[in-house]
Amino acid sequence: MAKYTPNSPLSVEEKANLITKNLEEILGAKFNEDNSIYSEKLLNLLSERDLKIYWGTAITGKPHIAYFLPICKIADFLLAGCDVTILFADLHGFLDNLKAPWELLSYRTQYYEFIIKAMLRSIGVSMEKLHFIRGTEYQLSRKYSLDVYKLSAILSEHDAKKAGAEVVKQSESPLISSLLYPALQALEE
């Protein structure tokens, strides 16, 4: 893991190095001679404030060893002083062929939060700037529902199937939920 402790003040350059470490691409960035990534925009932003990071995960199964990859990157962000919000896409888990039954959504999100915190604790990362949100906290609101209806009025079945093919497994006769799933993701961006 990183050589920094959560209580050590980091320079802007050290923060930028942690943020960009092991990323394959950063828009607008250049590579230095040592293959490190250099981004003037990132350095300027970090000299003004810490970044806000948003990562979402659908709660469709049990977290497993592969979760350590994004968790290690989240650890880098936290070590760099970023505010990190993890979205538990509970409604998406339900819509994805009912991989998360409605009755279990709350329990599943509690389990995910427990596991993610345990993973971060196991590698010695402070969770002071870590926040969690459940998709259903805003996806069941009146405003969000109205946005879904507005989007549904302009989205074709063809486009929904095409977008859904990259997100959820499609069958010959897909459920409406699998067509709705990518539209909901588009609303959240």
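**Exercise 1. Find how helices α1 and α3 pack, and which residues make the contact.**

Step 1. Take the geometry. In this predicted model, helix α1 (residues 12–20) packs against helix α3 (residues 68–79) at about 165°, and their axes lie 8 Å apart. Axes here are lines fitted to C-alpha atoms, for helices over the stretch in contact, and angles run from 0 to 180 degrees between N-to-C directions. Helices are DSSP runs of H or I with at least four residues, strands are runs of E with at least two, and both are numbered from the N terminus.

Step 2. Classify the angle. α1 and α3 are therefore roughly antiparallel. The classes are: under 35 degrees roughly parallel, over 145 roughly antiparallel, 65 to 115 roughly perpendicular, the rest oblique.

Step 3. Assign the hand. The crossing of α1 past α3 is left-handed. That term applies if the near helix is turned anticlockwise from the far one by less than a right angle; clockwise gives right-handed.

Step 4. List the contact. α1 supplies L18, I19 and T20, while α3 supplies K73, D76, F77 and L79. Contact means heavy atoms within 4.5 Å.

Step 5. Sort by chemistry. This contact of α1 with α3 holds four nonpolar, one polar and two charged residues. Nonpolar covers Ala, Val, Leu, Ile, Met, Phe, Trp, Tyr, Cys and Pro; charged covers Asp, Glu, Lys and Arg; the others, Gly among them, are polar.

Residues are numbered from 1 along each chain as its sequence is written. Local features need pLDDT of at least 70 and side-chain atom pairs count only at pLDDT 80 or more, whereas totals for chains, interfaces and linings use all residues; side-chain values use heavy atoms, with hydrogens and water left out.

**Exercise 2. Do the same for α3 and α5.**

Step 1. α3 and helix α5 (residues 105–122) pack at about 65°, with axes 10 Å apart.

Step 2. Their crossing is right-handed.

Step 3. On α3, the contact residues are F68, I71, A75 and L78; on α5, they are I116, M119, L120 and S122.

Step 4. The split for α3 with α5 is seven nonpolar, one polar and no charged.

**Exercise 3. Identify the buried and exposed residues of α2.**

Step 1. In helix α2 (residues 40–48), L42, L43 and L46 are buried. Buried means under 20% relative accessible area, exposed over 50%, and partly exposed in between (1.4 Å probe, protein chains only).

Step 2. Look down the axis. The buried residues of α2 fall within an arc of 100°, so they line one face. The arc is taken from the directions between the helix axis and the C-beta atoms.

Step 3. Turn to the face away from the buried side. There α2 carries the exposed residues K41, S47 and E48.

**Exercise 4. Place C72, E113 and N22 by exposure.**

Step 1. C72 sits in α3. Its relative accessible area is 28%, so C72 is partly exposed. The C-alpha atoms of C72 and V125 are 9.6 Å apart, with their positions 53 residues apart along the chain.

Step 2. E113 belongs to α5. At 18% relative accessible area, E113 is buried. Beyond neighbours within four places in sequence, E113 contacts F88, F132 and R134.

Step 3. N22 lies in the loop between α1 and β1 (30–31). N22 is exposed, at 72% relative accessible area. Its phi is near 65°, a positive value in a residue other than glycine.

**Exercise 5. Summarise the chain.**

Step 1. The chain has nine helices and five strands.

Step 2. Of its 189 residues, 38% are buried.

Step 3. Take contacts between residues at least 6 apart in sequence: 70% join residues at least 24 apart.
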